[in-house]
Amino acid sequence: MIRIRDPKNFMAGLLFTGLAIVLAFNALLLPLGTVSQMGPGYFPLVLAVILGGLGLAVIIDSLRFEGGPLSGFEWRGFLLITVAIVTFGATINRFGFIPAVVISVGICILASTRFRPVTAIALIAFLLVFCWVVFIWGLGLPVRLFGR
Amino acid sequence: MELLDNLRLGFSVALTLQNLSYCFIGTLLGTFIGMLPGLGPAATVALLIPLTVTLPPVSCFIMLAGIYYGAQYGGSTTAILLKIPGETSSVVTAIDGYEMAKQGLSGKALATAAVGSFFAGTMTVFLLVFFSPPLAKFALKFGAAEYFSVMVMGLIAAVTLSSGSVIKALAMVVLGLSLGLAGQDIYYGEYRLTFGLADLADGFDFVAVTMGVFGVAEVIRYLEEKSGQSMVIEKLKGLWLTKKDLKQIAWPILRGTGIGAILGVLPGGGAAVASFASYSIEKGVASDPSRFGKGAIEAVAGPESANNAGAQTSFIPMLSLGIPANPVMALMIAVLIIQGITPGPQVMIKQPTLFWGLVASMWIGNLMLVILNLPLIGLWTRLLMVPYHCLFPAIIIFACIGSFNVSNNPFDVYMLAVFGMIGYIFIKLECEPAPFLLGFVLGPMMEDHFRRALLISNGNFMIFVTRPIAAGLLLVAALALLAMLIPTIRRVRKEAFKE
């Protein structure tokens, strides 16, 4: 049984190799052309191959050299922040600036365990006003406050 | 004399009321946002880019430069007052600067940082003025092969000078290059990596990418710490420097400026490496090295000057050759492209107002920082009293609005989310984001030069060997890579970055 000595690098190597395969696949769908008249797929393919090679090198290194263990993955923050951002994108044109800011900041606040309800509401209010001042009044962001 | 005429042109442009106010707003915003822990200069600049791109090129870059210096200075302030470095180059300031603050000498530390940075800034502007034009003139002889080689060398140098695993950093560069190519192919119009989405026809928006990888990812990382981490802010006292202080910091500032000026030009975290180097040197020449780590004023003076000098000289390769020495310069190059200006040596010739106006405003910006920040420090410190868990939602919402603002398209916000996730994974797997960003910005240009070089040579790869400049640059890159493999150098590098 081969021991993975460096889990972080092992995963990194997998990531690189995996992405290299995806990129190579995408590149091969395009015309490659010749060396003197490179097609759109040529350079991407070269890069993908190099990336794959480096990925394998990282994997091999991870089997040979010791490295620290993987530290905890912040799932709650990861998911909630992503949801907060995506929600902003989804809400801003459909429901307007104010709902988008309020909902997104609200979701962000959920990502941290340290908020009390009063602080949360205060922060949402403050950021709403602040963003309005800076982006809409100050910079003239062309977006509705409410509604599409 | 041509130089005087150019400087006169520069100052006439920089001293207009409009540009002065942009410079001012830039330094103000940069300092303010640079102070927010977790937002380094790259993320700060990326966030504020949407504000600047609508401006004419000269004003745009004047403001961006102001933001950059402001962010650097803001980072030093949090380093001294909170022991939280705004970015890598403030790490050493955080050590001795914070110790000084604990001893009630925070004012001195901040004043030292300001004075050192101002001196370094002023001196390096001269360097910029004297070295950029000849360098650009030399680079005008560059053909496609040379441009390609200089970019390769720049990227490799960035990898070798940055901390962490060289192979992984190289992989990050290549990954960045690959993703940077997304969008339409310039020659053939074919869509690459767009997954059939019309919104990706121009590739991934670099503001979303940068904010995601540098800003959002850091916020997620911050959320890992569940412990009630209360920030101990040291009270601000006494913003004066006595004659004795000035004597003590004079030489460190001079040495720091020199180190920073040289290292800042080299791609790959020049400012950070410079500040570490300055710290080591100051410790080495100090009459009483045991003071270091306990609040030695030289340990703030030297690195801060090196830091600022490095930040400014990193403009040299960007303005004269079109290669980025660090992620912020990569962003500047991206902005040049957005403004319709092709980066490279021709910038100085085709847009002299831009170059000389920028140079003049650098000096003005440095002056503004000293005048602006010292009195306003009290205000900034009050801001820092806000607990960080209240600040991170602000960072996220600014990033959202900022990304949306670029083309009023929610898609860019989704990209922000995607790259935030990717960025966090990078952090967890210890993959450096800076090389990724450099590759991302340079990707399309590198491909363009590569293609053209081989078109000219009719498919003959020997063009990179037979043309002397190109060959030389590639040789330097190869040597740098090989040097990384030598065990002794690996050890030295590891130790240097462990500090």
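User: What does B:Gly180 touch, leaving out residues up to four places away in sequence?

Analyst: In this predicted model, B:Gly180 touches B:Gly439, B:Phe440, B:Val441, B:Leu442, B:Gly443 and B:Pro444. To count as a contact, two residues need C-beta atoms, placed from the backbone, within 7 Å.

User: Which element holds B:Gly180, and why is the residue called buried?

Analyst: B:Gly180 is found in helix α8 of chain B. The cut-off for buried is 20 or more other C-beta atoms within 10 Å. B:Gly180 has 27 C-beta neighbours inside 10 Å, so the residue counts as buried.

User: How far is B:Gly180 from B:Leu369, in sequence and in space?

Analyst: The two are 189 residues apart in sequence, and their C-alpha atoms are 35 Å apart in space.

User: Happy with that. How many residues does each chain bring to the contact between chain A and chain B?

Analyst: Chain B brings 52 residues and chain A brings 59 residues. On the side of chain B that touches chain A, the elements giving two or more residues are α8 (166-180), α9 (206-222), α17 (388-407), α18 and α19 (433-456) of chain B. The most comes from α17(B), with 11 residues.

User: What makes up that side of chain B, by class?

Analyst: There are 35 nonpolar, seven polar and 10 charged residues on the side of chain B that touches chain A. Gly is counted among the polar ones here.

User: What radius of gyration does chain A have, set against a compact globule of 148 residues?

Analyst: Chain A has 23 Å, whereas a compact globule of 148 residues would have a radius of gyration near 15 Å. The C-alpha atoms of chain A fill a box of roughly 55 × 45 × 20 Å along the principal axes. Of the 148 residues of chain A, 36% count as buried.

User: What makes the pattern of chain A α-α-α-α-α?

Analyst: The secondary structure of chain A comes to five helices and zero strands, and α-α-α-α-α is the pattern read along the sequence.

User: Good to know. Which element of chain B has the lowest mean pLDDT, and which the highest?

Analyst: Helix α22 (residues 487-498) of chain B has the lowest, at 61, and helix α18 (residues 410-428) of chain B has the highest, at 94. Where pLDDT is low, predicted coordinates should not be read in detail. Chain B averages a pLDDT of 83, and 92% of the residues score at least 70. The model scores ipTM 0.91 and pTM 0.85.

Definitions and conventions: Residues are numbered from 1 along each chain as its sequence is written. Chains are lettered from A and ligands numbered from 1 in the order in which they are written. This is a predicted model: local features need pLDDT of at least 70, side-chain atom pairs count only at pLDDT 80 or more; totals for chains, interfaces and linings use all residues. Helices (H or I, at least four residues) and strands (E, at least two) are DSSP runs, numbered from the N terminus. The radius of gyration is taken over C-alpha atoms; the globule rule is 2.2 Å times the number of residues to the power 0.38. A residue is buried if 20 or more other C-beta atoms lie within 10 Å of its own, exposed if 12 or fewer, and partly exposed in between; C-beta atoms are placed from the backbone. pLDDT is the predictor's confidence in each residue, from 0 to 100.
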